[in-house]
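Please take a moment to look over the sequence and the fold before reading on. The paragraphs below begin at the ligand and then move outward to a strand residue and a pair of helices.

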Amino acid sequence: MQTNGKLTVDAEPYEFTFSPDTCALVIIDMQRDFLEPGGFGEMLGNDVSMLRRTIQPNKALLSAWRKAGLQVIHTREGHRPDLADLPPAKKIRGRSATCIGDAGPMGRILVRGEEGHDIIAELYPQAGEPVIDKPGKGAFYSTDLQAILKYRGIKQLIVTGVTTEVCVNTTVREANDRGYDCLIPEDCVGSYFPEFHDWGLKMIKAQKGIFGWVSHSSKILAALS
Ligand code: TIU
């Protein structure tokens with residue numbers, strides 16, 4: 001539905017209305033390290049195949065968003081090759097045999113510039129789409145995301161990617177406290193834990209949208225078409 005250049009998407013807890021020119025698609029951490037065997041996700045003991053259902057819906061949404069000429073931002077979690085930005089607590093957490101920075105089949109785990117750190121081919125960034133390299137779970141912490149949103153006039157975010165309850169939720173909470181509206185299409189976010197995915201989305205939309213809105217990519221595509 002369109003009114004005065006604004007689009008409305010059917011969502012929970014109620015419809016999400018946005019101006020396409022000031023709304024960015026923010027794709028969180030769709031990296032080989034989380035979605036492919038041998039990376040950080042598997043190092044943490046997870047079944048990385050759990051996240052693969054998010055790829056096609058993200059691809060379709062990204063394609064439609066690009067076709068409409070709208071703004072796209074990608075993020076990647078990872079650390080400097082010298083690990084100077086790696087909190088010692090994050091390095092040793094989990095007592096894994098291998099840690100962030102150690103060699104793996106896709107290069108050094110969760111290190112910038114390594115194969116595993118890169119975004120999966122299906123969602124590869126295009127020229128002109130900012131890629132935010134973040135050391136933490138939230139995309140605002142220790143990054144230039146807020147400056148980019150400000151200078152590009154972005155007021156609302158459609159947040160997708162992985163994982164629902166970790167980097168997506170942390171970013172949505174950070175964005176909410178900074179005054180941004182966030183809409184999360186549930187089929188475009190995924191978790192290694194189905195129950196955390198469900199509750200992660202419930203926590204966003206509860207209390208009349210305490211952190212934001214939840215919808216489905218089909219509803220965003222319908223609004224765009
Ligand atoms: N472990 C897990 O679920 N997620 C992360 O460590 N990072 C992101 O969510 N990107």
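In this predicted model, an oxygen atom of the ligand is placed 2.9 Å from an N or O atom in the side chain of Lys137. A further polar approach involves the backbone, where a polar atom of Cys167 is 3.1 Å from an oxygen atom of the ligand, while a nitrogen atom of the ligand comes to 2.7 Å from an N or O atom in the side chain of Asp29. Lys137, Cys167 and Asp29 belong to the set of residues around the ligand, which also includes Phe34, Phe40, Leu44, Glu77, Val162, Thr163, Val166 and Tyr192.

Asp29 also leads to the surroundings of Arg76, since Arg76 touches Asp29 along with Gln31, His117, Asp118, Ile119, Val131, Ile132, Asp133 and Lys134, leaving aside residues up to four places away in sequence. Arg76 itself is found in strand β5, which spans residues 71-77, and its side chain makes a polar contact of 2.8 Å with the side chain of Asp133.

Turning to the helices, the axes of α3 (residues 55-67) and α8 (residues 217-224) come within 10 Å and cross at roughly 15°. Because this angle is under 35 degrees, α3 counts as roughly parallel to α8, and the crossing of the two helices is left-handed. The contact brings Pro57, Ala60, Leu61, Ala64 and Trp65 of α3 against Ser217, Ile220, Leu221 and Leu224 of α8, and by class it has eight nonpolar residues, one polar residue and no charged residues.

Note on methods:
Residues numbered from 1 in each chain as written. Predicted model: local features only at pLDDT ≥ 70, side-chain atom pairs only at ≥ 80, totals over all residues. Heavy atoms only, no water. Axes fitted to C-alpha atoms, helices over the stretch in contact; angles between N-to-C directions. Helix = DSSP H or I, 4+ residues; strand = E, 2+ residues; numbered from the N terminus. Parallel < 35°, antiparallel > 145°, perpendicular 65-115°, else oblique. Left-handed = near helix turned anticlockwise from the far one by under 90°. Contact = heavy atoms within 4.5 Å. Nonpolar A, V, L, I, M, F, W, Y, C, P; charged D, E, K, R; others polar. Polar contact = N/O pair within 3.5 Å; in protein donor to acceptor, adjacent residues only side chain to side chain. Near = heavy atom within 4 Å.
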